[in-house]
Amino acid sequence: MLEKKDNNFNSPSKLNDELKSTITPAAAPSKLQMREMGPLRAMAASFGLPRLIIASFLLLMFIVAPFVGNDFWTQISNVINRFSWNAILVLAMVPMIHSGCGLNFGLPLGIISGLLGATLSIELGFTGPGSFLAAIAIATPIAIVLGGGYGWLLNRIKGGEMMIATYVGFSSVSFMCMMWLLLPYHSPTMVWGFAGKGLRTTISLEGFYSEVLANFLAIRVGENFKIPTGTLLFIALMAFLMWAFLHTKTGTAMTAVGSNPTFAKAAGVNVDRMRLLSVVISTWLGALGILVYEQGFGFIQLYNAPFYMALPTVSAILIGGASVNKASIANVVIGTFLFQGMVTMTPTVMNSVIHMDMSEVIRVIVSQGMILYALTRKTEGGGR
Amino acid sequence: MQENKSFGAKALEFIRNNIVPILFIIICAFCIPLSGFTPSYLLNEIVTRMGRNIFLILCLLIPIMAGMGLNFAMTLGAMAGEIALIFVSDWQIWGIPGVVLAMILQIPFSILLGLLCGSILNRAKGREMITSYIISFFMNGLYQLVVLFMMGSIIPIKHFSVKLPRGYGIRNTVSLLNMRQCLDNLLAVNIKGVKIPVLTFLIIGVLCLFIIWFRKTKLGQDMRAVGQDMEVARAAGINVEHTRLISIVISTVMAGFGMIIYLQNMGNIATYSSHSQIGMFCIAALLVGGASVDKASIGNVFLGVILFHTMFIVAPRAGAAITGDSMIGEYFRVFCSYGVITIALVMYETKKRRSQNRTAQELARAAAEETAKEAAK
Amino acid sequence: MSNAPLLEMRNIQKDFFGNQVLTDINLTLREGEVLGLCGENGAGKSTLMKILFGMDVIRETGGFGGEILLNGEKVEFATPFEALAAGIGMVHQEFSLIPGFTATENILLNREPQKHSVLSEVFGERLNTLNRKEMDVRSAAAIERMGVHIDADMTISSMPVGHKQFTEIARELSKEQLKLLILDEPTAVLTEKEAEALLESIRNMSKRGIAIIFITHRLHEILAVCNKVVVMRDGRVVQDVPAAETSVSEITRNMVGRSVETGGNTREVRDVSGLRTMMSIRKLWVDMPSELVRGVDLDIKEGEILGIGGLAGQGKLGIPNGIMGMYEAGGTVILDGEEIPLGHPRKCLDASMAFVSEDRRGVGLLLDESLEWNVSFAAMQIQNKYLKKLFGGLFTWRNERAIREVTEKYVDELAIKCTSTKQKAKELSGGNQQKICLAKAFALEPKFLFASEPTRGIDVGAKALVLEALRKFNRESGVTVVMISSELEELRSICDRIAIVSGGRISGILPATASSEEFGMLMVSQVV
């Protein structure tokens, strides 16, 4: 049976072809004109209205803070610290966005790898800075295996990545909830005192790697101002590595896969392998990110804690100006700073101004609103 | 070729198409004896939960029919229901009149929310599910803003049992003691210790009839058409956007009713958390019943509720019996809910791709056969 | 009853932003008449039908000139729905059916007979219930009018293709007001028998007074059922005669023949028969939707420019796409004595082949990236060009300067109009985008190049430049070029030999100097 035309799978392409062949010569210049028409508006559009609003909101916070009795330097210090905890997690979004896998709602998988690394490192008796290195060393193979499986799954369900990523994240977190109870951990610093087994929900890192990066070359001014130089340097290093990776041959191929997978395929790139690689890198960065977060925060949080870590991270990079299929290192830095700035500044300032702690509510509205905004925007280009 | 399928192949296909319900039947069969519950207790619990949940789950059917997938934004209707109940309890109207008033009151709220949600989803065609999922979070933020900060300060809320002591905002728990199970108890029948909330089931029955009837209407037909192929429906003159919008509005309004039935059974509102998990549990239950992202029936709803909630009831006790830790069972049932949604989503996406491949394979085979024939000549 | 014809189109003109596609079209059609409309792809048939049907595309691109009269009255359709209301029905090339609905449901889609109920009185018309009985009656009547039996209760997804086509026709027939039915290549998907049934049904409909415009490439079908034949070429009507007074060969000649033989004949054409075979293709089949290749045998000589022509949908595009691994394919392809495995774009590129895709925006370009990326990407990935090695080869780094240089080189050579090499590909006009695609292929420095529809959708000036670039590339670097195009004249202007594809096979190879009629006969020889 010769099906020259079948409803299910070739009619759109054929229709497009037909339309293209008739209208393209005309449509192309008109599009060009449109672009030339409003360079100013185009600039505003490229910066993004939501980002503009959030940036000015944050600026307003900084200006208002001293007047309502909050110490300006404490605030700055807080924002920088929060930034240093979260930046790597946000950076973990970049590879998957680049390869066209969309926003990594499956970040909890990476976080779980990190948590396994952290707990195993302590269980195996590492202490001090060594425990941090050991945690990374243990987390890495776990992240590669989990990321590999996750990437394989995402390659089978192209087009539905984001929803499935979300639920892969959730399932793995809830699965690990059982595992934290069942795995034979014994270290007295981690298990419940009375039962002698099952990990606690929160584990202090005092004596392990609490603030190992942050205290490296830390700059302290008085009581309230501290810059976690080591962490910032580490972030800079990772960002540099990511930037460098995107400039290599493989990194270039990855970006092309995200930009137009058919183009990449025609140019001889193995699209599935690139996507898999990006997922593995994202997962590994997620693992690293949670370790950096823990060293800043000083505690390991288990059980339900990783559940909702993906959403703030996703919205952070979107606030930074990324879209569902484009992201840069600058987006990461700006986004993390704006988002964490908002998170840290609003409670204190709000409280001082109107004596109402609306910060949580504002955070939810802004971050989810940002994701919604990105999802409803039409994705441009791409040959899908 | 298709007719001669062996029994084994048929059975395999049946198992593959119904893997989720089968898995749950096995889990339940395994856990029920371990939990040590008496049959009458179990039956009682299941019947109660059916009355409590079925209405909520039924509201998911219509968006699936319209091709918009699982409506994670059904929480919006739940929020509308809660807001209505908060007002009603502030006005101290109890019992059946309170329930009826709340039901009427929630309609405008959920229509408004449904319109908002529907128009956002119309802008995100092809990724409705993730978008509706995010909408539920986003609206949760707005809900908190309204309930925690505006109620009592801007929106008049008087009664001390509802309002927080600080003068604005709603308490974490609003007691509905005075209307607790008033629907369920009316006309309730007790058969051998199993209480059957006849009125609630009657309401559910009416809703089922409504859905069956709705499928036969012009609007229902349009929704099915839009759900299967938006472009063809548009070419035939159906207003696609409007049809999708209506499906979401109906779903939201029904979720509002469902939430009120749910809460009158529970007897209190956990103001800030009642709605947050409801979407997930309803969706999981529906999928456990054998529904998929693009196909769901009333039968799926009933089977799903029974299986899912049986698992829900017995898992903690069974988990404790095996490991000695009741938390294991708690986590296990959460894991099951998420896991089942994950499996259903993955199956839906792979099926979509498989069907595409099949067409291609058929074509290739035809071409190859012809080439072979050619070679033979 | 006035004596005015059912449909009259007078002096129809249409241009797409200065690009004249229809000039002075006049058509008349009487009740019950069957008009066969033929012409090469791009001759303007589709555009003409879109105008008649009031499609959005026409209005969005500036409307059209001339007037349309229906029963002697001037009409102007703002949307297809108005055309439908006036009694014009169209069966498009793409199926417009809901896969999960039965034939009946599809036939009456959005025109279902309904029953009122109390609820619909309150909440509006859309809550009427469907009158299934009446639906069955009406669809049965429509199927009866068509004269071909199909199962009204079968869902579309489980139907054979032919029945889908008949469902569409029945849908048009179920419209009471239908006076004129346009059938756009309806037999392309039908088997012999089904096509025969369709022709019979056309005769039936015509007897009932329905006028039909029948578009097809199968010319013998036209002669079998039509009252008159209209042939279009380059946006003009070149022949309008009763079907009895013409023949397949005359129609063919009119379809492809140009009024003046341009360039083609005066140009010196190289004789390639003595040259070594560069690529030999045996029993190639390609599963490219709507461009199925069924069994192609072809030898390509070293250093020649081979043209591949043929009507759309016959498989000419499938050949390069299948060989280059974009679609599933089978058969053997031997390049320079070595077999190229099919389905691996990488292997083809490694073997020094390059491909300029006909789908510029979908396959050819990274629209969101810079010109530099577009030009250099393939060469970088395949041949490790424009890379620096750092730390003794531990890292391979993009050499931005080399990338810029090569891009600038091609921007100069091909006269690409852009603000800088950093400009995004999507901001360029169609012609310049096409040149970027060529530059991408040239940067690979291939010994064998497939150029698939390199001039599709670009303006005349750019076309000449693109063709010249290809010719220069062939002559100066000795690269073997295979160019696929639906415009015969274009092929004749630069190719040495031209192979014509028909029905998924090569129907013949002629030197570029052969006459239009010869090519025309090959084009329609095995049309499916």
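These questions and answers cover a sheet, an interface and a core in a predicted model.

In this predicted model local features need pLDDT of at least 70, side-chain atom pairs count only at pLDDT 80 or more, and totals for chains, interfaces and linings use all residues. Residues are numbered from 1 along each chain as its sequence is written, and chains are lettered from A and ligands numbered from 1 in the order in which they are written.

Visitor: Which are the edge strands of the open sheet in chain C?
Guide: Strands are DSSP runs of E, at least two residues, numbered from the N terminus, and two of them pair if DSSP finds at least two bridges between them. The order in this antiparallel sheet of four strands is β14-β13-β16-β17 (chain C). Pairing on one side only marks the edge strands of chain C, β14 (293-301) and β17 (338-339).

Visitor: Which residue of β17(C) stands opposite C:Ile334?
Guide: Strand β16 (residues 329-335) of chain C pairs with β17(C) in the antiparallel sense over two bridges. Opposite C:Ile334 stands C:Glu339.

Visitor: How many residues of chain B are in contact with chain C?
Guide: Contact requires C-beta atoms, placed from the backbone, within 7 Å. On the side of chain C that touches chain B, the elements giving two or more residues are β8 (129-130), β13 (277-286) and β14 of chain C. Chain C contributes 24 residues, and the number from chain B is 22.

Visitor: Which cysteines does B:Met311 touch, not counting residues up to four places away in sequence?
Guide: With that exclusion, the residues touched by B:Met311 include B:Phe24, B:Ile27 and B:Arg333. The cysteines among its contacts are B:Cys28, B:Cys31 and B:Cys336.

Note on methods:
Contact = placed C-beta atoms within 7 Å.
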